[in-house]
Amino acid sequence: MAKTPLPMKPTGWFQVAWSAEIRAGDVHRMTYFSTEMIAWRSASGQVTVMDAYCEHLGAHLGHGGTVDGEILRCPFHGWEWDNQGRNVCIPYEKRPNKGRRIRTYPVTEHSESVFIWFDENGRAPYFEVADVLSGFDDGRSAADY
Ligand code: FES
């Protein structure tokens, strides 16, 4: 009997962290889909998930990258990146480098969790995260266990 090949190309929303693990100002290191990523939370509470390496000269932003308001600053030369992965400031230049961009992932938070959308073919999200926990709303949180 012929085997049906499994589609080894994941598509969908994946839980990558607990929300409480990433407080405002935190830069959280993680690896999913054979890719090193970081998740960081801005001062306003927005979580961004992006590839871990700076698009300038490749510093790992999870080792010394700092959150300042709504941007992430690279520890090597201070380039600043926004939540779309765009370079918004180079401290020793008059203008940012608009051609450099770090890959970011669509993010949503609910059920005390951070989810990212991942698609091998780069497609945008075409469905919502299923809120499977809302039916168990008994007032408790993950911190209670
Ligand atoms: S390697 Fe990140 S600013 Fe230079």
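Q: Which residue of β9 stands opposite V49?
A: In this predicted model, V49 stands opposite Y105 in β9. M50 likewise has a partner in β9, namely T104.

Q: What makes β4 and strand β9 (residues 104–105) a pair?
A: Pairing requires at least two bridges between two strands. β4 and β9 are joined over two bridges, in the antiparallel sense. The requirement is therefore met.

Q: How do you know that strand β3 (residues 35–41) and β4 pair, and in which sense?
A: The count here is five bridges, in the antiparallel sense. Because at least two bridges suffice, β3 and β4 pair. One of the bridge partnerships joins W40 to T48 in β4. β3 and β4 also form a hairpin, with five residues between them. In the turn of this hairpin, G45 has a positive phi of about 105 degrees.

Q: Why are β2 (27–32) and β9 said to stand at the edges?
A: The open sheet has four strands, ordered β2-β3-β4-β9, with antiparallel pairing. β2 and β9 each have a single partner strand, so one side of each lacks a neighbour in the sheet.

Q: What makes strand β4 (residues 47–51) mostly covered?
A: A residue is buried if 20 or more other C-beta atoms lie within 10 Å of its own. In β4, four of the five residues are buried. Across the 145 residues of the protein chain, 20% count as buried.

Q: Which residues touch the most other members of the largest nonpolar core?
A: They are I38, A39, V49 and L61, in a core of 24 residues. β3, β4, β6 and β11 (113–119) each supply at least two residues of this core. In soluble globular proteins, nonpolar side chains tend to be buried together.

Q: With which residues is A39 in contact, leaving aside its neighbours within four places in sequence?
A: Contact requires C-beta atoms within 7 Å. The residues in contact with A39 are V16, A17, I22, H28, M30, V47, T48, V49 and V114.

Q: Why does F76 count as partly exposed?
A: F76 has 15 C-beta neighbours inside 10 Å. Buried residues have 20 or more and exposed residues 12 or fewer. The value of 15 lies in between, so F76 counts as partly exposed. F76 is placed in the loop between β6 and β7 (80–81). Leaving aside its neighbours within four places in sequence, F76 is in contact with C54, L57 and A59. F76 and H56 are 20 residues apart in sequence, and their C-alpha atoms are 9.3 Å apart.

Q: What makes β5 (66–68) and β8 (87–89) edge strands?
A: An open sheet of four strands has the order β5-β6-β7-β8, with antiparallel pairing. β5 and β8 each pair on one side only.

Q: How do you know that β5 and strand β6 (residues 71–73) pair?
A: Three bridges join β5 and β6 in the antiparallel sense. At least two are required, so β5 and β6 pair. D68 stands opposite I71 in β6.

Q: How many helices and strands does the protein chain contain?
A: The protein chain has zero helices and eleven strands.

Conventions:
Residues are numbered from 1 along each chain as its sequence is written. This is a predicted model: local features need pLDDT of at least 70, side-chain atom pairs count only at pLDDT 80 or more; totals for chains, interfaces and linings use all residues. A residue is buried if 20 or more other C-beta atoms lie within 10 Å of its own, exposed if 12 or fewer, and partly exposed in between; C-beta atoms are placed from the backbone. Two residues are in contact if their C-beta atoms, placed from the backbone, lie within 7 Å. A nonpolar core is a set of buried Ala, Val, Leu, Ile, Met, Phe, Trp, Tyr and Cys residues joined through C-beta atoms within 7 Å.
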